[in-house]
Amino acid sequence: MQVRAAVAYGAGRPLSVETVELDGPRVGEVLVEIKATGVCHTDEFTRSGADPEGLFPAILGHEGAGVVVDVGPEVKSVKPGDHVIPLYTPECRECEYCLHPKTNLCQAIRATQGKGVMPDGTSRFRTGADMLHHYMGTSTFANYTVLPEIAVAKVRADAPFETIWLNVIQAARMVGADRIVGIDLNPAKEPLARKFGMTDFVNPTDLGDKSVVEAVVELTEGGADYSFECIGNVEVMRQALECCHKGWGESIVIGVAGAGEEIATRPFQLVTGRVWRGSAFGGARGRTDVPKIVDWYMEGKIDIDDLITHRMPLDDINTAFELMHRGESIRSVVTF
Ligand SMILES: NC(=O)c1ccc[n+]([C@@H]2O[C@H](COP(=O)([O-])OP(=O)(O)OC[C@H]3O[C@@H](n4cnc5c(N)ncnc54)[C@H](O)[C@@H]3O)[C@@H](O)[C@H]2O)c1
Ligand SMILES: [Zn+2]
Ligand SMILES: [Zn+2]
């Protein structure tokens, strides 16, 4: 079938919105009509060429929501009409990782997903005779996409499509943190962060001689119980660890650093009880947990609407990347 998609033809080039060919779902696959998709830094990481594993040409996009319109043979868990969220971290419920309680990193389709193809090794997208790569197993910058069944979460049908990401501040508030310190070089982030539950704001440029670590240790009277690095900057990852409380503080790396970069700290930081770890996809098991997160949103427990600062049609998708570059958007959402 013919679909409208934003194609990334090469590193650093704007996306080209055009009509491309999409083959129907094969065994274990589903065809989804995408209704909305977020535009995120991870897409920009690949589009810009900064991602050494980025493949071109490709249809980017990994934060979408849509409706199942067709299913291939052997698909059991979803049917046409179901509302779904594509999952770049799938959940097969059978692999060693899915069966381990400590991780959400399903490995069932990892190798082919990384190569930009479906689990059978081929792509469903084409332009003329040329294949287009899938991206993160999702390719949501298209009004229709094909996904493995294990990479869709079925969600309630009354949720709006333009939702879907939970931020750290909201999560901290939900679990009952009474002091939430936000740190950012961009002061424009402060008001929204306060609305979401941040209690103190630190702008590293306003600290004078004081380091970020000193500032956080002072504010928290000894160090943070938990810290989260959400930038992808290895220097900040070190600061995030070292501002944690001795004995129990835990620092979680969320930001994705550039290829080949390394983190450093003095081992004594760990010997004295600080824990350094990372998390992908919020630690959520896609098919199991994403529907719950949608329920939280529908029940008013989390606010996603205020995170969406811009909306646009697919034809204007490059504007979303420009807004991101200028630091003017929190999240832009493309609606179809
Ligand atoms: N682990 C995961 O599951 C996961 C999921 C989504 C995104 N990510 C990663 O999270 C990171 C953040 O994504 P985002 O969309 O929130 O980006 P963003 O640009 O919206 O946020 C980054 C913020 O960091 C601030 N900043 C930059 N340098 C700083 C410094 N030295 N000190 C303090 N603040 C600084 C910027 O002003 C900006 O506000 C990216 O690396 C992205 O790839 C990880
Ligand atoms: Zn994203
Ligand atoms: Zn699995």
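Trainee: In which sense do strand 13 and strand 14 pair, and over how many bridges?
Mentor: This is a predicted model. Strand 14 covers residues 250-253. One of the pairs has Ser-227 with Ser-251 in strand 14 as its bridge partner. Strand 13 and strand 14 run in the parallel sense, and the number of bridges is four.

Trainee: Which strands are the edge strands of the open sheet with the order 13-14-15?
Mentor: Three strands form this open sheet, with parallel pairing. From one strand to the next, the twist averages 20°. An edge strand here pairs on one side only. That gives strand 13 (226-229) and strand 15 (275-278).

Trainee: Which helix packs on that sheet, and what angle does its direction make with that of strand 13?
Mentor: Look at residues 234-242, which form helix 6. Helix 6 touches strand 13, strand 14 and strand 15. The helix is helix 6, and the angle with strand 13 is about 175°.

Trainee: How is the protein divided into domains, and what distance separates their centres?
Mentor: Domain 1 comprises 2-165 + 304-335, and domain 2 comprises 168-281. The centres are taken over C-alpha atoms. The separation of domain 1 and domain 2 is 30 Å.

Trainee: How many residues of domain 1 are in contact with domain 2, and how do they divide by class?
Mentor: Nine residues of domain 1 are in contact with nine residues of domain 2. By class, the domain 1 side has five nonpolar, three polar and one charged residues.

Trainee: Where does ligand 1 lie with respect to domain 1 and domain 2, and why?
Mentor: Check which domains give residues to the shell around ligand 1. Domain 1 and domain 2 both do. Ligand 1 therefore lies between them.

Trainee: Which residues come nearest to ligand 1?
Mentor: The shell around ligand 1 divides into twelve nonpolar, seven polar and two charged residues. Helix 1 (residues 41-47) gives the largest share, three residues. Of the 21 residues around ligand 1, the nearest are His-41, Asn-186, Gly-232, Gly-255 and Val-256.

Trainee: Which peptide bond is cis, with omega near -10°?
Mentor: Go to the loop between helix 1 and strand 4 (58-59), where Pro-57 lies. The cis bond leads into that proline. It runs from Phe-56 to Pro-57.

Trainee: Arg-93 has a positive phi although it is not a glycine. Is Arg-93 buried, exposed or partly exposed?
Mentor: Its phi is about 70°. Arg-93 lies in the loop between strand 6 (83-86) and helix 2 (110-114). A residue is buried at 20 or more other C-beta atoms within 10 Å, and exposed at 12 or fewer. Arg-93 has 14, so it is partly exposed.

Trainee: Glu-221 also has a positive phi. Does Glu-221 count as buried or exposed?
Mentor: Glu-221 is not a glycine either, and its phi is about 50°. Its place is the loop between helix 5 (212-219) and strand 13. With 8 C-beta neighbours inside 10 Å, Glu-221 counts as exposed.

Trainee: Which residues of strand 6 are buried on its two faces?
Mentor: In a regular strand the side chains alternate between the two faces of the sheet. Both faces of strand 6 are covered. The buried residues are His-83 and Ile-85 on one side, Val-84 and Pro-86 on the other.

Trainee: Which residue stands opposite Ile-85 in strand 10?
Mentor: Strand 6 pairs with strand 5 (residues 63-71) in the antiparallel sense over two bridges. There, Val-67 has His-83 as its bridge partner. Strand 6 also runs antiparallel to strand 10 (residues 152-155), joined by four bridges. Opposite Ile-85 in strand 10 stands Ala-153.

Trainee: How many residues of strand 3 are buried?
Mentor: Strand 3 spans residues 29-39 and is mostly covered. The buried count, out of eleven residues, is nine.

Trainee: What is the bridge partner of Thr-37 in strand 17?
Mentor: Strand 3 is joined antiparallel to strand 9 (residues 144-148) by five bridges, with Leu-31 paired to Val-146. Eight bridges join strand 3 to strand 5, also antiparallel, and Ile-34 has Gly-66 as its partner there. With strand 17 (residues 331-335), strand 3 pairs antiparallel over four bridges. The partner of Thr-37 in strand 17 is Val-334.

Terms used
Residues are numbered from 1 along each chain as its sequence is written. Chains are lettered from A and ligands numbered from 1 in the order in which they are written. This is a predicted model: local features need pLDDT of at least 70, side-chain atom pairs count only at pLDDT 80 or more; totals for chains, interfaces and linings use all residues. Two strands pair if DSSP finds at least two bridges between them. Axes are lines fitted to C-alpha atoms, for helices over the stretch in contact, and angles run from 0 to 180 degrees between N-to-C directions. Two residues are in contact if their C-beta atoms, placed from the backbone, lie within 7 Å. A residue is near a molecule or strand if its C-beta atom, placed from the backbone, lies within 6 Å of it. Ala, Val, Leu, Ile, Met, Phe, Trp, Tyr, Cys and Pro count as nonpolar, Asp, Glu, Lys and Arg as charged, and the others, Gly among them, as polar. Domain bounds come from an automatic or database domain assignment.
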